[in-house]
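User: I have a protein model open and want to learn how to read it. Can we go through some features one by one?

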Amino acid sequence: MPPSVRTSRFTTTRRPTLMAGLVLLAAALLSGASRTEAAPSRQSASQLIDAVNQFRAANGMGPLNVDPILMLVAQTQTDYNLSTGELSHYGPDGSRPRDQAIAAGYGGGATVFISENIAMGTGLSTAGAVEMWTGDEPHLNTMLGQYYRDVGAGVGETAGDTYFTLVTGYVAGGLSAKSTVPAAGSGAFTGGGPQPVITVTPRPDGAVVHVVEEGQTLWTIAAVYGLDLAQLLSLNGMTEDSFVHPGDLVVIRAGSTATPTTLPSATPSPSPGPATVNPPTPTAAPFGSNLLAQVSAVNPRDLLAGGCVAAWVIIVIAGLVVAVRKL
């Protein structure tokens, strides 16, 4: 049987060759062992995880954390592959490994990264599966990627064939999700691990300010809000060496600065001073009209009295004149 190889971002899978099987059979016959139709020794998910962590240790890396949600995702995919007799990274609904992990609650809403390796073969052991996955970079990265923190595995057997699924993941920023088992039937994330970054509503002035919660990092916050880390650091006057702690305020978007509106203003009037009385300017009037106005303004009684006085004066003056002539 020719090898079956599949390459994708998550995995390459190969079925052991017929020649390899014949060699194993010949070795068994030469050693005197009788061939039976019994199923091979049952493998377990924990054995697969142990084999991967031993491989990591041999490469100077620490062990991956067993994550119950990823264990569920890996075993569910294994069972599906068993039911179809084929190897696939896609679920029955067309979902990919990352979709499945998020739906099961991995990361609790934070940005997560998932990688998956699958393998199947007759008499294939956990060590053999790990060895198979070291043959190319994508599979190797699933096991040795520097940011991966969590692991889940699934194993199943049917008709002498063993199916393996290995799922590794991490929360943005290279964090472990530290998942707990999701609530039955809900797929909800129930406590533990870093809190997911949830975007906040802008303030009235348009500013967006995030309150840091447990386990959140600047890298994660920037990723969720769609910002470059350098942009976020610049907004907050930070450097790549800066750290944030629960309760810190991180500016995602600065608020708009209100521009004062220039209103029309009245030109100030000078303060009132002492009132200046200007004498009225006399207006020249024709002589005749002025005299008539003066005459018409005299009371008739006053005019009569004045006439009498004038007549008396004239008489007196006339008498004086006569007297002087006689002398």
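User: Which strands does helix H3 lie across?

Analyst: This is a predicted model, so keep that in mind. Look for a helix in contact with strands, then compare directions. Here helix H3, residues 68–84, lies across S3, S4, S5 and S6. H3 runs at about 25° to S5.

User: In what order do the four strands sit in the sheet?

Analyst: Follow the pairing from one strand to the next. The order is S3-S5-S6-S4. The sheet is open, and its pairing is mixed. The edge strands are S3 (65–66) and S4 (112–122), and each pairs on one side only.

User: How many bridges join S5 to S6, and how do these strands run?

Analyst: Nine bridges join them, and the two strands run antiparallel. Take one bridge as an example: Gly156 has Tyr163, in S6, as its partner.

User: Now the interior. Which residues of the largest nonpolar core touch the most other members?

Analyst: A core is read as a set of buried nonpolar residues joined through their side chains. The largest one here has 21 residues. Leu48, Trp133, Met143, Phe164 and Leu166 touch the most other members. At least two residues each come from helix H2 (45–58), H5, helix H6 (137–144), strand S5 (150–158) and strand S6 (161–171). H2 gives the most, with five residues.

User: How many residues are in the other core?

Analyst: That core has 13 residues and lies apart from the largest one. Its members include Ile69, Leu70, Val167 and Val171.

User: Let me try a single residue. Is Thr126 buried or exposed?

Analyst: Start with relative accessible area. Under 20% counts as buried. Thr126 has 9%, so Thr126 is buried. Next, place the residue: Thr126 lies in helix H5, residues 126–133. Then list its contacts, leaving out residues up to four places away in sequence. Thr126 touches Gln43, Ser44, Gln47, Leu48, Ala51 and Phe164. Two of those names, Leu48 and Phe164, came up in the largest nonpolar core.

User: Last one. Which side chains meet in a salt bridge?

Analyst: Look for a side-chain nitrogen of Lys or Arg within 4 Å of a carboxyl oxygen of Asp or Glu. The count here comes to one salt bridge. The side chains are those of Arg96 and Asp99, at 3.5 Å from N to O.

User: What is the relative accessible area of Arg96, and what is that of Asp99?

Analyst: Arg96 has 44%, so Arg96 is partly exposed. Asp99 has 31%, so Asp99 is partly exposed too.

Terms used: Residues are numbered from 1 along each chain as its sequence is written. This is a predicted model: local features need pLDDT of at least 70, side-chain atom pairs count only at pLDDT 80 or more; totals for chains, interfaces and linings use all residues. Side-chain values use heavy atoms; hydrogens and water are left out. Buried means under 20% relative accessible area, exposed over 50%, partly exposed in between (1.4 Å probe, protein chains only). Contact means heavy atoms within 4.5 Å. A nonpolar core is a set of buried Ala, Val, Leu, Ile, Met, Phe, Trp, Tyr and Cys residues joined through side-chain atoms within 4.5 Å. Two strands pair if DSSP finds at least two bridges between them. Axes are lines fitted to C-alpha atoms, for helices over the stretch in contact, and angles run from 0 to 180 degrees between N-to-C directions.
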